[in-house]
Amino acid sequence: MKYLTWSRLFRAVASMVVGLAVFVLAARPAHATLSVVATTPDLANVAAAVGGNRVRVQALALPTQDPHWVDARPSLVLDVSHADLLISVGAELELGWLPTLLIGARNGKIQPGSPGYLEAAGLAELLERPAGKVDRSMGDIHPSGNPHFMFDPRQVERVAVGIGKRLSELDPEGSASYLENTRQFVTSLRQARQRWEEKLRPLKGTQVISFHRSLSYLADWAGLVVVDHIEPKPGIPPNPRHVAELIAHCKQHPVRALLQESWYASNTSELIAAQTGTRLIKLPGASDFQGGQSYVAFLSRVVDLLAGMS
Ligand SMILES: [Zn+2]
């Protein structure tokens, strides 16, 4: 009697296990899903658009976080440890935190030089590549060139194509899908660009001051002229002497606005704005990927804020 009870129990459990396995197999997509981790929300947005339903994408930095300085907390190490592909901006943007995550994650697939590691800087046309020798007296400079290219949709297009190619190499069965997703993303980006460039046209030649050297690509695309920066040198906080120079400059020249990403402290910019009457415009620094905002929606917001200057 006792034996029969155990036997029945075993059969019941076994049939449950089989049933569960059938359910799990049926629920799985017919293809492999790649786990993609991107350092910034903008890269995550592009990877998600190009990867479609064959990828699962996570962003490491929050849209409100300065991507030069992200806290390499344990949950991020865990995200990186599971990744099949890690996409970074590169050009030393994440130098202060990504190496720590790469060591902690112990994931051979996504180490620099591996097929699972992709630096977007290698896909973009970088501005401000220092010509001569770089040393610390020049500030906390990005020695490989300016890494803030995700503000320029022309550069983002190049990045999207490069991500699509890398996904196809890692998952050849999905290559037709990645190619089609890339085509759709690039088409929507080009359509949006026409609208944006129309709105930005009156701003051509407008003088602005930016906080960090992070709006060079945006200015290059939008036709703005960045005459100075609130940081005296890249990565070096403003000092009284430089602030006095900026105030004098704003009083003598037609500087239309002070521009800065929302993650920078605004006390210095507010002081200059109050002393000179120059407008301060705080821009979102990145798309809210985690909150469902697309890259196009993000850049539309940036363009609208800039267009408010004219
Ligand atoms: Zn920077």
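**Exercise 1: strand partners**

Find the residue in β3 that stands opposite valine 36, then work out which strands β3 pairs with and in which sense.

*Solution.*
Step 1. Start at valine 36 and look across: leucine 85 in β3 is what stands opposite. A quick word on what you're looking at: this is a predicted model, in which local features need pLDDT of at least 70, side-chain atom pairs count only at pLDDT 80 or more, and totals for chains, interfaces and linings use all residues. Residues are numbered from 1 along each chain as its sequence is written, and side-chain values use heavy atoms, with hydrogens and water left out.

Step 2. Helices (H or I, at least four residues) and strands (E, at least two) are DSSP runs, numbered from the N terminus. β1 and β3 run parallel, with 3 bridges between them; pairing takes at least two bridges found by DSSP.

Step 3. Now go to the other partner. Strand β4, residues 117-119, also pairs with β3 in the parallel sense, again over 3 bridges. Here isoleucine 87 of the chain faces leucine 118 in β4.

Step 4. Check where the side chains of β3 (residues 85-88) go. Leu85 and Ile87 point one way, Leu86 and Ser88 the other way, and all are buried (buried: under 20% relative accessible area; exposed: over 50%; partly exposed: in between; 1.4 Å probe, protein chains only).

**Exercise 2: two helices, one question each**

On which side or sides of α3 and of α4 do the buried residues lie, and what covers them?

*Solution.*
Step 1. List the buried residues of α3 (residues 74-81): Leu76, Val77, Asp79 and Val80. They span an arc of only 160° around the axis, so they sit on the same side of α3; the arc is taken from the directions from the helix axis to the C-beta atoms.

Step 2. Look at the cover over α3's buried residues: it includes β1 (34-38), β2 (55-59) and α4 (98-105).

Step 3. Repeat for α4, whose buried residues are Leu98, Leu101, Leu102 and Ala105. Their arc is only 100°, which means that they share the same side of α4.

Step 4. Why does spacing like this work? An α-helix has 3.6 residues a turn, so residues three or four places apart point the same way.

Step 5. The cover over α4's buried residues includes α3, β3 and β4. Just past the end of α4, arginine 106 has a positive phi of about 50°.

**Exercise 3: far apart in sequence**

How many residues along the chain separate glutamine 184 from valine 50, and aspartate 304 from tryptophan 196?

*Solution.*
Step 1. Place glutamine 184: it lies in helix α6, residues 175-200. It counts as partly exposed because its relative accessibility is 44%.

Step 2. Compare sequence and space. Glutamine 184 and valine 50 are 134 residues apart along the chain, yet their C-alpha atoms are separated by 8.5 Å.

Step 3. Do the second pair. Aspartate 304 is in helix α10, residues 295-307, and is partly exposed at 36%. Aspartate 304 and tryptophan 196 are 108 residues apart along the chain, with 8.4 Å between their C-alpha atoms.

Step 4. Zoom out to the whole chain. Of its contacts (heavy atoms within 4.5 Å) between residues at least 6 apart in sequence, 64% join residues at least 24 apart. The protein chain has 10 helices and 8 strands, and 47% of its 310 residues are buried.
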